[in-house]
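Student: Got a few minutes to go through a structure with me? I'd like to take it one question at a time.

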Amino acid sequence: MGRNNEKNIKKHNDKLHKAQEKTKQAAMLRKEKLKEIAKKYNESKQTK
């Protein structure tokens, strides 16, 4: 019985994809927060 059977490969890929999705979500969240901060900064700069 080999270590690279279908069940193990699927389990590994699912774990990998879940981790990749998590990092992608974190990056999107950071970008959104950065946009929001920049927007607030620009608005406050214009009012001065």
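Student: How many helices and how many strands does the protein have?
Tutor: Keep in mind that this is a predicted model. The helix is called α1 and covers residues 6-47. As for the totals, the protein has zero strands and one helix.

Student: What does the C-alpha trace span along its principal axes?
Tutor: Let's begin with a pair of residues inside the chain: the C-alpha atoms of Ala-19 and Arg-30 sit eleven residues apart along the chain and 17 Å apart in space. Taking the C-alpha trace of the protein along its principal axes, the span is about 70 × 10 × 5 Å.

Student: What percentage of the residues count as buried?
Tutor: To be buried, a residue needs a relative accessible area under 20%. Try Ala-19, which lies in helix α1: its relative accessibility is 42%, so this residue counts as partly exposed. For the 48 residues of the protein, the buried share is 0%.

Student: And how much of the accessible surface belongs to carbon and sulfur atoms?
Tutor: The accessible surface of the protein comes to about 5,300 Å². The part of it belonging to carbon and sulfur atoms is 57%.

Student: How far apart are the mean positions of the positive and negative charges?
Tutor: The protein has 16 positive charges and 6 negative ones. Take the mean position of each set, and the separation is 6 Å.

Student: Which residue forms a salt bridge with Asp-14?
Tutor: The whole structure has two salt bridges, and in this one the closest N and O atoms are 3.0 Å apart. Asp-14 is partly exposed at 41% relative accessibility, while its partner is exposed at 52%. The two are four residues apart in helix α1, so about one helical turn separates them. The partner of Asp-14 is Lys-10.

Student: Why are Lys-40 and Glu-36 separated by about one helical turn, and how far apart are their closest N and O atoms?
Tutor: Lys-40 and Glu-36 are about one turn apart because they are four residues apart in helix α1. Lys-40 is exposed, with 53% relative accessibility, and Glu-36 is partly exposed, with 47%. A salt bridge needs the nitrogen within 4 Å of the carboxyl oxygen, and for this pair the closest N and O atoms are separated by 3.9 Å.

Definitions and conventions: Residues numbered from 1 in each chain as written. Predicted model: local features only at pLDDT ≥ 70, side-chain atom pairs only at ≥ 80, totals over all residues. Heavy atoms only, no water. Buried < 20%, exposed > 50% of the residue type's maximum accessible area, 1.4 Å probe, protein only. Areas by Shrake-Rupley, 256 points an atom, 1.4 Å probe, with all protein chains shown as cover. Lys, Arg positive; Asp, Glu negative; His and termini not counted. Charge placed at Lys NZ, Arg CZ, Asp CG, Glu CD. Salt bridge = Lys/Arg side-chain N within 4 Å of Asp/Glu carboxyl O.
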